[in-house]
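Hi,

Here is the model I promised to pass on. Please have it open while you read my notes.

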Amino acid sequence: MPTHDFTNIGDVLNWEFLRGTITALDAATDTCTVTVGGSSVTAPLFYH
């Protein structure tokens, strides 16, 4: 599973959680492509 490792408290404070639409999945890397506000970004998937 991909991780995002913060280096300091400034990184944590600048982190954003956004809502979007998943448009593609990549099971090999546990990531997906998400459309957010008209832009496409790659995001990690987290399963609980």
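Below is what I found, starting with the strands and ending with the pocket.

This is a predicted model, in which local features need pLDDT of at least 70 and side-chain atom pairs count only at pLDDT 80 or more, while totals for chains, interfaces and linings use all residues. Residues are numbered from 1 along each chain as its sequence is written, and side-chain values use heavy atoms, with hydrogens and water left out.

The sheet is open and has three strands in the order β1-β2-β3, paired antiparallel. Its edge strands, β1 and β3 (39–44), each pair on one side only. On average, neighbouring strands are turned by 25° against each other, direction ignored (axes are lines fitted to C-alpha atoms, and angles run from 0 to 180 degrees between N-to-C directions). Strands here are DSSP runs of E with at least two residues, numbered from the N terminus, and two strands pair if DSSP finds at least two bridges between them.

Five bridges join β1 (residues 21–26) to β2 (residues 31–36), with Thr21 opposite Thr35. Four residues separate these two strands in a hairpin, and Asp30 in the turn has a positive phi of about 55°. Between β2 and β3 there are six bridges; Val34 has Val41 as its partner in β3.

Now the largest pocket (an open set of points on a 1 Å grid over the protein atoms alone, where a 1.4 Å probe fits, with protein on both sides within 12 Å along at least five of seven lines; lining residues have an atom within 4 Å of a point). It is lined by 16 residues, with Trp15, Glu16, Leu18, Ala43 and Pro44 nearest its centre. The largest share of that lining, five residues, comes from β3.

Best wishes
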